Structures are given as structure tokens and as C-alpha cells.
Amino acid sequence: MKPHLAPVEVPDPAALGHVQRLCDLAEPYADGPDADALFASAMAEANAWHARRSPFFAALLGEQAETPAPTVGDGVRTPLVPAAFFKRHEVLSIPRDEVFLHLTSSGTTGQKSQMFFDEWTIRSAQRMVARIFDHYGWITPEQPVNYLLYSYEPAPALRLGTSFTDNYLCDFAPARHTTHALRHTGTGHEFDVNGCIAAIQRYAEDDVPVRILGFPAFLYFTLERMRAMGLPPLRLPEGSLVVLGGGWKGHADRQIGKDAFYAEVTDRLGIPAERVRDTFGSVEHCVPYVECAHHRLHVPVWSRAAVRDTGTLRPLPYGDRGFLHLVSPYITSVPAQSVVMGDLASLHPGEECPCALSTDWFTVHGRAGVSRNRSCAVAAAELMKGMS
């Protein structure tokens with residue numbers, strides 16, 4: 001068995017048996033009545049788990065029930081906790097001495113979400129990522145690759161969730177060489193665009209695939225700089241892969257459409273569009289959402305998605321825009337099994353995507369206004385101001 005797919009055990013098998021069974025499902029995009037019933041049972045266990053351990057969550061359950069989202073299931077309680085709540089409060093469902101990992105969202109100013117994970121929770125989330133990568137054939141232990149990481153170079157005391165995730169993704173193929181775009185200076189991080197260009201040029205002459213991971217804005221600005229310098233297009237080795245995350249938040253005035261961006265990657269680097277995938281995730285909700293070959297963010301079997309009206313928080317039908325509401329019973333360390341994100345999104349049925357996956361998918365349309373709910377991408381984008 002591939003080590004990333006090894007079994008992981010819930011903290012209390014008697015209390016969380018359905019959670020265990022749900023998270024043990026190996027097919028990331030399985031669906032149907034059996035999966036729905038298992039999900040509902042797992043959510044009931046997760047709610048009971050947190051209610052016994054978190055006075056905050058017990059109080060939420062005691063309030064008037066929220067309007068259930070059809071995509072989550074009738075009778076499934078999903079008390080609505082805004083992601084911004086975790087920027088101002090530390091609420092745990094485990095003793096502090098059981099915290100296995102402490103991660104934060106990014107931000108050079110303002111509040112950061114403080115998220116605490118027991119070993120089950122973080123290992124379970126990592127296994128979800130591994131199963132999706134395995135589904136797409138991206139776990140290649142026999143094939144070394146060169147990495148260009150558009151994320152933060154590791155540094156002492158760095159707890160950013162984006163840095164943790166991107167470095168974990170490097171475990172799926174052995175590294176011949178790794179380049180970080182956001183270099184640690186001793187007092188912070190700086191975007192090294194010239195170092196990225198040099199790495200791409202060097203990797204284009206190598207005989208192994210390249211994996212480009214991280215913030216899409218940094219990759220785009222690298223390609224833009226290459227074009228401005230009059231550098232010719234390159235063709236990275238066959239099997240190269242781009243997996244992006246973090247969005248364009250903070251630089252909407254310079255953002256280009258996804259199709260145009262992917263075409264630019266293909267034109268400048270020779271990587272076909274189906275090998276360029278965006279992702280969605282957050283430190284408050286670590287379930288991975290990865291684009292299919294047609295660039296839709298399908299919902300995996302371990303979670304459910306809904307969209308809620310920005311004024312009433314009532315669930316909206318397919319196609320309407322509202323707050324993205326993500327639900328998963330995987331997390332046992334913090335009562336974050338039902339999180340309303342600060343992102344505006346629309347939800348769509350699986351049959352509206354031409355790929356073979358049948359689960360719902362969503363499109364993220366941007367942040368709901370400008371506030372203190374700063375994201376990793378906002379912080380990272382600020383590092384580019386000096387070069388624009």
C-alpha cells in the first residue's frame with residue numbers, strides 16, 4: 001500500500017464508527033444513496049462528539065435549527081459557523097496536549113485563523129488529498145520531478161497552512177530539485193521572480209517532469225515577466241503538472257480569465273490545459289477540492305457543499321450565487337464540520353460537467369466584499385506590489 005493511503009484510526013472507534021467508514025471510502029468521487037446515508041450518520045456522530053466536548057458547539061445545537069441544505073441531507077444538522085469566527089476565537093474539542101499540529105491562515109496584518117488538529121484529523125485530510133492525486137495518477141514514487149513552489153519557503157516557526165500543504169504535495173513524487181518562489185529573508189518572505197525564471201529555464205533542459213504548485217498569481221506574473229523580457233516560449237518535459245491554489249484575491253484588477261490563464265501556461269511552458277488544475281481549500285476546512293480535466297471543482301465523497309443567501313443564509317438552488325457552505329464530519333479537534341466561507345460561489349449538478357464524475361461541483365466567484373477576513377492569497381499578493 002502507498003504510504004499516503006495507509007489506514008488512520010479515529011480517536012474513539014465506538015463513538016465515531018461511521019466517521020471512520022466514511023473517511024475510509026477509497027473512491028474520492030463515489031456517490032449514491034448508500035454514500036448519502038453514511039454521510040448523514042457520520043455527521044450525526046461528529047455533532048454529538050463536538051457537543052460533548054465544546055460548550056460553544058453545544059450552544060449552537062441548542063439554538064433554532066438552520067434551514068437544511070438539500071445537498072447535505074434532510075435532518076442533518078449543520079449549525080452555521082463563519083470561517084471568520086476562527087480568526088477571533090480558539091475553540092477546541094480536544095485537550096491542548098492532544099494537539100498534533102497548529103496551523104494558521106496567512107496575512108501580513110489583521111487576524112489569522114488559528115486551527116488545531118489532532119493526529120486523526122490532519123492525517124485523514126492528507127489521505128483525502130492522496131486519494132484524489134491517486135485517482136488522477138499523480139502519485140509517482142518511481143518518477144522523480146523538479147518542483148517550482150509558488151508558496152512560502154519553510155522557516156522556523158512558520159505555521160502557514162499553504163506552506164504545509166504545498167510541501168506535503170511534494171511527497172507524491174520524489175524531488176530531484178526544488179525551488180521556492182517566496183524566499184525567506186530572515187525577517188519575512190520576498191517573491192524571487194528572477195529565480196523562478198531561471199529555475200523554469202533550467203528545468204526545461206532537464207529530462208524529468210516539472211511540478212508547479214501554489215498561488216496562481218505568482219505563476220502568471222512569472223510568465224508575464226518572461227514575455228516582457230522577450231524570452232522565447234519553453235516546452236517543459238512531458239508529464240509536467242501544474243496544481244494551483246489560493247486564487248487572485250487582492251489583485252482582481254490584474255486577474256485574467258481562467259481559460260486565458262491556462263492558455264498562457266500552455267503557450268509559454270508547453271503544458272496542456274488538462275494538466276493545469278486549480279484547487280480550493282482553507283485552513284478552516286481542509287477537505288481538498290481539485291479541478292477535473294474540464295476545470296470543475298467536484299465535491300468529494302467525504303464532504304458536501306451548499307450555497308447560502310448572503311442576507312438570509314437560506315440555501316439557494318443550483319446556479320445561484322451566495323456564500324459557499326462546506327460540510328464534512330472528518331474533523332474531531334475543532335467544531336469546524338460546518339463552515340460558511342467568505343467566498344461567493346455557485347453550485348452545479350454533476351451532469352452539467354462533461355467529465356465522468358457525477359458529484360456536484362462549484363465555481364468560486366470571489367470574496368464577499370473587502371474586510372478583515374484576509375486570506376493567504378491577499379498576503380502573498382502584497383509581496384508583488386514592488387514589482388508591478
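Here are five short exercises on the predicted model shown above, each with a worked solution.

**Exercise 1. Get an overview of the chain: which secondary structure elements does the chain have, and what share of its residues is buried?**

Step 1. Start with the elements: there are nine helices and 15 strands.

Step 2. Turn to burial. Of the 388 residues in the chain, 54% are buried.

Step 3. Look at the surface. About 16,100 Å² is exposed, and 52% of that comes from carbon and sulfur atoms.

Step 4. Finish with the contacts. Taking those with a separation of 6 or more, 72% join residues 24 or more positions apart.

**Exercise 2. Work out where the confidence of the model drops: over which residues does pLDDT stay under 50?**

Step 1. Begin with the chain as a whole: its mean pLDDT is 88, and 87% of the residues reach 70 or more.

Step 2. Now find the weak stretches. One of them is residues 159–163, where pLDDT stays under 50 and the model has 16 contacts beyond four places in sequence. Residues 370–388 also have a pLDDT below 50, and this stretch makes 51 contacts beyond near neighbours in sequence.

Step 3. Decide how to treat such regions. Where pLDDT is low, predicted coordinates should not be read in detail.

**Exercise 3. Describe helix H2: how far does the helix reach, and what covers its buried residues?**

Step 1. Take the length. H2 spans residues 33–53, which is 21 residues, and its first and last C-alpha are 31 Å apart. That is close to the 30 Å expected at 1.5 Å a residue.

Step 2. List the buried side. Among the buried residues of H2 are Leu-38, Phe-39, Met-43, Trp-49 and His-50, and the list also includes Glu-45 and Asn-47.

Step 3. Find the cover. It includes helices H1 (17–23) and H3 (55–62), together with strands S12 (304–308) and S13 (321–327).

Step 4. Zoom in on one ring of this helix. Arg-304 lies over the face of Phe-39, 4.3 Å from the ring centre.

**Exercise 4. Follow the aromatic rings: how many aromatic pairs does the whole structure hold, and what do two of them tie together?**

Step 1. Count first: the search finds 14 aromatic pairs.

Step 2. Take Tyr-152 and Phe-215, an edge-to-face pair with 6.1 Å between centres and 90° between planes. Tyr-152 is in strand S4 (residues 145–152) and Phe-215 in the loop between strand S7 (210–214) and helix H7 (216–228), so the pair ties together parts 63 residues apart in sequence. Tyr-152 counts as buried because its relative accessibility, 6%, falls under the 20% cut-off. Phe-215 is buried too, at 3%.

Step 3. Repeat for Tyr-289 and Phe-362, also edge-to-face, at 5.3 Å and 65°. Strand S10 (residues 289–290) holds Tyr-289 and strand S15 (residues 361–367) holds Phe-362, so this pair links parts 73 residues apart in sequence. Tyr-289 is buried at 1% relative accessibility, and Phe-362 is buried with a relative accessible area of 1%.

Step 4. Add the cluster formed by Phe-133, Tyr-136, Trp-138 and Phe-172. The charged end of Arg-277 sits over the Tyr-136 ring, 4.7 Å from its centre.

**Exercise 5. Place one charged residue: is Glu-264 buried or exposed?**

Step 1. Locate Glu-264: helix H8 (residues 258–269) contains this residue.

Step 2. Apply the cut-off. Glu-264 has 15% relative accessibility, and buried means under 20%, so Glu-264 counts as buried.

Step 3. Name the partners. Leaving out residues up to four places away in sequence, Glu-264 touches Leu-223, Arg-227 and Leu-269.

Definitions and conventions:
Residues are numbered from 1 along each chain as its sequence is written. This is a predicted model: local features need pLDDT of at least 70, side-chain atom pairs count only at pLDDT 80 or more; totals for chains, interfaces and linings use all residues. Side-chain values use heavy atoms; hydrogens and water are left out. Helices (H or I, at least four residues) and strands (E, at least two) are DSSP runs, numbered from the N terminus. Buried means under 20% relative accessible area, exposed over 50%, partly exposed in between (1.4 Å probe, protein chains only). Contact means heavy atoms within 4.5 Å. Accessible areas come from the Shrake-Rupley method with a 1.4 Å probe; for residues, only the protein chains shown count as cover. Rings of Phe, Tyr and Trp (its six-membered ring) pair if their centres lie within 6.5 Å; planes under 30 degrees apart count as stacked, over 60 as edge-to-face and the rest as tilted. A charge sits over a ring if NZ of Lys or CZ of Arg is within 6 Å of the ring centre and within 35 degrees of the ring normal. pLDDT is the predictor's confidence in each residue, from 0 to 100. The expected span of a helix is 1.5 Å times one less than its number of residues.
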